[in-house]
Amino acid sequence: MIMNVNKFLISSLLCVLTLGCQTASDTAIAPDSRPVVEAYLVAGQPISVKLTTQIPFSEDTTATQQAKPIDGLALTVKSADQTLSLRSTGNGLYTTTTVVKIGQTYDLSFDYLGKRVTANTLVPTKPVNFRADQTELFRPQVTIGSGGLGALVNTATPVNLTWKNPVADYYFVVVDNLETSPVPIIVDPRNTGLVTTLSRRFRVQPTQGDNATIAGLSFQYFGRHAVVLYHLNPDYAALYKQNSTSTQNISTPPTTVVNGLGIFTGLAADTLYLTVKKQ
Amino acid sequence: MQVRTLLIFFMALARLGLAQEFTLPQKKRANPIPTRQNLTVTGRIMDAQTDESLPFAYIGVLGSKRLTQTNVDGYFTLLNVPSDTVTLTVSYLGYKDQTYRLEPGAAVKQLRIELTSAVAQLDEVNVTGQRTEVMKSGDGIGLIKLTPRNLSKLPNIGERDIFRALQLMPGVSAANESSAGLYVRGGTPDQTLVLYDGFTVYNVEHLYGFFSAFNYNALKDVQPYKGGFDAKYGGRLSAVAELTGKEGSRKRFNAGGDASFLSLNAYVESPIGKKMTFLVAGRRSFQGPLYKKLFDQFQSSNTPALGGRRANRQQTTQQVASYFYDLNARLTFRPTDQDQITLSVYNGKDNLDNSQNVSIAFGRQGNNTGTLVNTDLSNWGNTGSSLKWSRRWSDRLYVNSLVSYSTYFNHRDLSNSVSITRNNNTLNNVRFGTLEDNRLVDLTAKTDIEWKLAENQQVDLGIQVTHNKIDYAYSSNDTVPLLTKNDRGLFTAVYAQDQIRLLANRLLIKPGIRLTQYSVTRKIYAEPRLSATYQLTERLKLKGAWGRYYQFVKQVTREDISQGSRNFWLLSDGGYLPVGAATHYIGGLTYETADYLFDVEAYAKDLTGVTEYTLRFAPQVGRGLVPQETFFTGTGTVRGVDILVQKKFGNYAGWVGYTYAVAQNRIAVFSDQPYYANQDVRNEFKFINTYRYKRFDFGLTWIYASGKPYTSVVGEYSVKLLDGTSKTFTNPSGKNANRFPDYSRLDASVTYNFKHGSLGASVFNCYNRKNVWYKKFTSVSDGQQSQLVVTDVTYLGITPNLTFSYRIH
């Protein structure tokens, strides 16, 4: 069940090409009316799809616009063994209690504005041999204004993560602080608002390698952290592509969603735990 | 309203033209008695002032339709001249028409006929037959002629630019301020073959395309073909521009130059002994106000926005020097009257640097600094050289062989590097961004044979071998190669073309074929071509052409120019970069009177192997780019008509040009329907006026063009990512589904001529029209609500310039 990147790319390219072939005016939704799909099919978790409109744009108006949820549609997700109907629970969300299985292909389809919208994805295999070279990390607490800034640099002990990736699939690491009331590593007595700007969650750029390094400096809080390694499809990795906008460079990231925008992608994850302690 | 007024004027001009009679100057003389009949007259047409040969000049027999053209070295052969008492007429753009009477019994071989340039005739007013026009059209199919000598009559901005002047012709798009390249009849600049003294030029631009890379002081002749061109030319789909350099005066040493707000331009020319001449011309920009204005114009989009909230943040910004230069040198050696050996060298380079250094001081004593170096460097340039040997083996056989070398490079560095210095110790160095590098080498050997079989038939034969080596590398962060191509290709081409004149010279037919073997695809490409002109009446000529054209090296234009080099050359491979092919169909007519020319040509072009490069569909993360995800291929069509009405002679001269054309591409990845190509021109109207009053030349040009198509944004959307953050993306409209506002521009100039030069003042974009170059979209979000802000990035506003030109003789 090893995912073949090339196969995926060729199939997504074919999708794009077929999209081209299918978008005759009777089946295509106008570019500005296409719905935005957001769904992560995580192995072991129930399927949940979010549907919204785009944030409309007109050169003539400068009014602030917002995306609106799309409710009340009939969404179905087909996999090898069954066809599931998703329930609209409001706020653009559609759910089912059936959990996602590893290695399965899922096909989403629904009608919107009288036209068919589809998407498909393959749920990749669970990461193999996910290891960290340390489970505990020591950081001194730093108070800004006390001259201890040097400690920020000198005690940066990196955590090395490794996993098995013989075919250059995409992987992605997210680190999440699990404490209910986490203690920040850096304290600024003059700026009490600093805490709210610190992030409990951070990530490492998607990679096709078999390792990642988390710099000690990346941690903002003491305490227990979950280190989640996701096995990805390339369409998710593409979301991290640089995105600039002028009429000389307009792009949307590639997606399997036909007649729509957004992401419908399968994921599989493995989790390690790591604790940051006071030095 | 303006358009309607001009159209009325245009109709009036046409009617005026019909009322004129076509007459040639006739010299009165006694009736001599011919001593010989049916003879062959040969010779050379020269410039009276410098003794340089004049290529592609017309020579005919007065009172008959017998007409021939000099070749690239100024030689001509007139066969079957009725007797040795006839008068020859010679005409060449930018020169006074000349008549030459044959003397009974005198030699008729190796004649030297000298023409006087119109520019040299300062004080003559209303000279009959004085060619005051800048441009000549209608002689052949798709052919226009333009003289570098008369360029000073047109408004210019900084440099008298031959390509900018060509853009004033109908069928050549004039609304691309950011490209000096020739967009001919719905084609792209890379589809135009540019030959300079026989070698192919791969880069024609200076300063982001605002100027062409050709120095008018070094040019003698320009022959552009807008389509349906001869079998002699190959490897391009749309058009040809053949440039011939000046040889240098054979009579005396001369030097001169021009100075403008933008650049300095100087040349020297001299004979060396009796058999050699040389010419060296060079120019270099300097960072005057005009250079800076142009530079800023094309750079505004890339300036990084840096804002600071902290009070102790300091920013310093430095701009590093930018410049362009070019150098032309030509050495001509004539060992015998029949031989000419020419060495021509061109070298030009642009160095455009918009790098910035930003220093941020932090820490309580400010003893720590962070330096952000934003490198934004574009370098490009050409070196070209040719060594040519021409020999006139007999009156009927002329052979021209050359070896040439041409290189092009384009290097783009758009990256940032960060270093932090803490108490004089640099702690960290990070570099990120993109690097692009394109290098091309062209080695060519070719031989062209002109063989005059009979008075009404000439055969052109030739062989050409070209080796191309093209490397392209696109990498990120110094080390990660995203796309690397190392292409090698060998082309071997042979051609044959017959020129037959029938029906008492009324009908000219040119069937031809070109065969090219391309080493990469291992195929032979056959390009049959046929063109014909028929002189229906004294004034009315019908013309038509059909031809097949192939292109093996293509310049791929990026959809996104803000992030990297705008275009790069690649060799087609028969796979994802297929060999481009085009079929031309052209039909038209020319109506000419003594003072006016009315010319109309309708054309259709069907293309296959049209390639577009885009990063839109490439995942581009963590690995290199796959060519199949970045190069997309389809077909294209062009349909159009060019109309020209020209007043050729007199103190007032000029022309009205109108083009209606539709250029569409069909590439499945963008749309299943054909969409308008980037270079699509719907309506383009040009009104060019020159007026001479005593020693003053006035020029006024007005250009109007429909807006170019572009892909807009119809909406945006956010996706919540796995790490909890959200990312916003824009959603494009249909490919090129929108159009910019119409383009228009009025340029004016006045030039005072004196014996040793001229002083000219020009104003570009007189009414300061804000022509849109592209639109920039910025997404502004307050976390919940999002808004797109659109900014028009415009072309150059009103810009004055002064040019002072001086020459010793």
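# Worked exercises on a two-chain predicted model

In chain A, 5 residues of domain 1 touch 8 residues of domain 2. The model is a predicted one. The exercises start from this domain contact.

## Exercise 1. The domains of chain A

Task: State the bounds of the two domains of chain A, and class the residues on the domain 1 side of their contact.

Solution.
- Step 1. Domain 1 of chain A covers 5-125 + 237-265, and domain 2 covers 128-232 + 270-278.
- Step 2. On the side of domain 1 of chain A that touches domain 2, 4 residues are nonpolar and 1 is polar. No charged residue takes part on that side.

## Exercise 2. Chain A as a whole

Task: Describe chain A by its elements, its burial, its contacts and its confidence.

Solution.
- Step 1. Count the elements: chain A has 4 helices and 18 strands.
- Step 2. Turn to burial: of the 279 residues in chain A, 35% are buried.
- Step 3. Take the contacts in chain A with a separation of 6 or more. Of these, 74% join residues 24 or more positions apart.
- Step 4. Check confidence. The average pLDDT of chain A is 79, and 76% of the residues reach at least 70.
- Step 5. Look at residues 1-24 of chain A. Their pLDDT stays under 50. The model still has 42 contacts for them beyond four places in sequence.

## Exercise 3. A sheet shared by two chains

Task: Work out the strand order of the open sheet that holds β3(A), and find its edges.

Solution.
- Step 1. The order is β3(A)-β40(B)-β41(B), in an open sheet of 3 strands with antiparallel pairing.
- Step 2. β3 (55-56) of chain A and β41 (726-732) of chain B each have a single partner strand, so one side of each lacks a neighbour in the sheet. These two strands are the edges.
- Step 3. Between the chains, β3(A) pairs with β40 (residues 713-720) of chain B over 2 bridges, in the antiparallel sense.
- Step 4. Find a partner pair: Pro56(A) is bridged to Gly715(B) in β40(B).

## Exercise 4. A sheet within chain A

Task: Give the order, edges and twist of the open sheet that contains β9, β12 and β16 of chain A.

Solution.
- Step 1. The 3 strands run in the order β9-β12-β16, with antiparallel pairing.
- Step 2. β9 (128-132) and β16 (211-214) of chain A are the edges; each has a single partner strand, so one side of each is without a neighbour in the sheet.
- Step 3. From one strand to the next, the twist averages 10°.
- Step 4. Strand β12 (residues 159-164) of chain A is joined to β16(A) by 4 bridges. Val159(A) lies opposite Ile214(A) in β16(A).

## Exercise 5. Strand β17 of chain A

Task: Decide whether β17(A) is mostly covered or uncovered, and trace its pairing.

Solution.
- Step 1. β17(A) spans residues 223-232, and 7 of its 10 residues are buried. The strand is mostly covered.
- Step 2. Strand β13 (residues 170-177) of chain A pairs with β17(A) over 8 bridges, antiparallel. Val175(A) stands opposite Val227(A) in β17(A).
- Step 3. Strand β18 (residues 261-278) of chain A is joined to β17(A) by 9 bridges, also antiparallel. Here Ala226(A) faces Tyr273(A) in β18(A).

## Exercise 6. Positive phi in chain B

Task: Place Leu503(B) and Asn768(B) in their loops, and class the exposure of each.

Solution.
- Step 1. Leu503(B) is not a glycine, yet its phi is positive, about 50°. It sits in the loop between β26 (480-502) and β27 (507-518) of chain B.
- Step 2. Leu503(B) has 11 C-beta neighbours inside 10 Å, so it counts as exposed. The limit for that class is 12 or fewer.
- Step 3. Asn768(B) also has a positive phi, near 50°. Its loop lies between β44 (757-764) and β45 (772-781) of chain B.
- Step 4. Asn768(B) has 13 C-beta neighbours inside 10 Å and therefore counts as partly exposed.

## Exercise 7. The domains of chain B

Task: Describe the contact between the two domains of chain B, element by element and class by class.

Solution.
- Step 1. Domain 1 of chain B is 32-115; domain 2 is 135-303 + 312-807.
- Step 2. Domain 1 of chain B gives 19 residues to the contact, and domain 2 gives 28.
- Step 3. On the domain 1 side, the elements that give two or more residues are β1 (37-47) and β4 (75-83) of chain B. β4(B) supplies the largest share, 4 residues.
- Step 4. That side of domain 1 of chain B has 6 nonpolar, 8 polar and 5 charged residues.

How values were computed. Residues are numbered from 1 along each chain as its sequence is written. Chains are lettered from A and ligands numbered from 1 in the order in which they are written. This is a predicted model: local features need pLDDT of at least 70, side-chain atom pairs count only at pLDDT 80 or more; totals for chains, interfaces and linings use all residues. Two strands pair if DSSP finds at least two bridges between them. Axes are lines fitted to C-alpha atoms, for helices over the stretch in contact, and angles run from 0 to 180 degrees between N-to-C directions. pLDDT is the predictor's confidence in each residue, from 0 to 100. Two residues are in contact if their C-beta atoms, placed from the backbone, lie within 7 Å. Domain bounds come from an automatic or database domain assignment. Ala, Val, Leu, Ile, Met, Phe, Trp, Tyr, Cys and Pro count as nonpolar, Asp, Glu, Lys and Arg as charged, and the others, Gly among them, as polar. A residue is buried if 20 or more other C-beta atoms lie within 10 Å of its own, exposed if 12 or fewer, and partly exposed in between; C-beta atoms are placed from the backbone.
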